[in-house]
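Grab a pencil and open the model in your viewer. Below are a few short exercises, each followed by a worked solution.

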Amino acid sequence: MKKRIIAMMLAAAMVCSCLAGCGGSGDSGSEGSTGSTEEVKKITISVPDPDASYIYQAAEEFAKRAEEYSGGSLEFTVSGNGSLYGGDTAAGIKQLSAGSLQMLILATSVYASFEPGYNMISVPYMFDDQQQLLDYLNSDTGKELMNRVSDMGITTVGSWTRSFRKVTNSKNAVNTPEDLKGMVLRVPNNALYVEFFGACGAVTTPMNFSEVYNALQLNTLDGQENPVDVPFSNKFYEVQKYVSGTDHMADAWLVGINSKLFDGLSDNQKEAIQKAGEEVQQWNVEFMEKEDETALETLLDNGMEYNDITDEGRQKFIEVSQSCYDKFKELIEDDELFDATAEFCGKN
């Protein structure tokens, strides 16, 4: 009898031990509240524009999706206005390369000062519309181009399009290159822009963007060119009369992450970032289309006049651009890339 009682006590003790080992709802293992067993990695994304801008909102959408797909093992903060690199985009790229910036979203036209091939995307009238640009970025030629920053220690995790650029001015509507003759036009400090608009007959004036509003107000400039959200967000309707749908140049956003940081992430975290980068590409196209309509309506509601250019007018602009191809090739420094892109776009 005594042996039987002892055996029953040992059995009960074993059951309790097993239950304790299995744990219950109060288990305090290594999983966080997200259910992920991975250490949470915090990453800051730097963008050049304020929180109301297209790119800031696209970055937030990217962050939301990447956090979700990572099971909560990634946490992102978006920093606007280029504040983390003092507004100096060249410095920002260098910092991203060195690792003092974790993630950075900048235009490919800015990267052209480091890799001239990125000028290819901004060749005037090379791309017909957003869809063709999107198809190009997803093509073998486009992917190879967007990944050229890998030599700088930067991994491309997203290639997003930007709205095409339009001309605003205070003199007259722009329908053909002849309408630009003698117009004093602010352009970025990029030889591609200077060459093209000079060939159209404009007096090109490279200028820091921070100085543009005052120059337009004082009439030292007649006009400028940018995606439509720029004159909208900077209230150029106060100093400009005409906005013309020239859609003369494309641009793209390169979503970059420091390669050393990226390589140190888990496979799950890498996949989450890449998936978010791919998905936001299309989300951004739809978002920009809607927002561009609102921006243009605001310009018109505040007294500006809008005109689309005709097919004939567009063809004249294309002919001016094609007359500059030899010069553009010199700036891009890659004939093979130029020819492959022109063939893709039917402009060869």
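**Exercise 1.** Which handedness does the β-α-β unit made by E1, H2 and E2 have?

*Solution.* Keep in mind that this is a predicted model.
- Start with the strands: E1 covers residues 41-46 and E2 covers residues 74-79.
- Check their direction next. E1 and E2 run parallel, and six bridges join them.
- For one point of register, find Lys-41, which stands opposite Leu-74 in E2.
- Now add the helix, H2, at residues 54-69.
- Together, E1, H2 and E2 give a β-α-β unit that is right-handed.

**Exercise 2.** Stay with H2 and describe how H2 packs against H11.

*Solution.* Two numbers do most of the work here: packed helices are described by the angle between their axes and the distance between those axes.
- The angle between H2 and H11 comes out at about 145 degrees.
- The axes of H2 and H11 lie 8 Å apart.
- As for the sense of the crossing, H2 passes H11 in a right-handed one.
- Sort the residues of this H2–H11 contact by class and you get 13 nonpolar, four polar and six charged.

**Exercise 3.** Work out what lines the largest pocket, and which element gives the most to that lining.

*Solution.* A useful trick is to roll a probe the size of a water molecule over the atoms, which shows where empty space is left.
- The volume of the largest pocket is about 1,400 Å³.
- Its lining counts 46 residues, and those nearest the centre are Pro-48, Asp-49, Thr-89, Val-110 and Phe-209.
- Elements giving two or more residues to this lining include H2, H3 (89-98), E3 (103-107) and H4 (108-111). H9 (229-233) and H11 (267-301) are also among them.
- H9 gives the most, with four residues.
- By class, the lining of the largest pocket splits into 21 nonpolar, 17 polar and eight charged residues.

**Exercise 4.** Do the same for the second largest pocket: which element gives the largest share of its lining?

*Solution.*
- Here the volume is about 550 Å³.
- The second largest pocket is lined by 22 residues, with Gln-130, Phe-164, Lys-166, Asp-247 and Asp-292 the closest to its centre.
- H11, E11 (305-308) and H12 (311-323) are the elements that give two or more residues to this lining.
- H11 takes the largest share, six residues.
- Finish with the classes: this lining has seven nonpolar, five polar and ten charged residues.

Definitions and conventions:
Residues are numbered from 1 along each chain as its sequence is written. This is a predicted model: local features need pLDDT of at least 70, side-chain atom pairs count only at pLDDT 80 or more; totals for chains, interfaces and linings use all residues. Side-chain values use heavy atoms; hydrogens and water are left out. Two strands pair if DSSP finds at least two bridges between them. A crossover is right-handed if, with the strands pointing away from the viewer, the path from the first strand over the helix to the second runs clockwise. On a 1 Å grid over the protein atoms alone, a cavity is a set of points where a 1.4 Å probe fits but cannot get out, and a pocket is an open set with protein on both sides within 12 Å along at least five of seven lines; lining residues have an atom within 4 Å of a point. Grid points are joined across faces, edges and corners, and a volume is the space filled by probe spheres set on the points. Ala, Val, Leu, Ile, Met, Phe, Trp, Tyr, Cys and Pro count as nonpolar, Asp, Glu, Lys and Arg as charged, and the others, Gly among them, as polar. Axes are lines fitted to C-alpha atoms, for helices over the stretch in contact, and angles run from 0 to 180 degrees between N-to-C directions. A crossing is left-handed if the near helix is turned anticlockwise from the far one by less than a right angle, and right-handed if clockwise.
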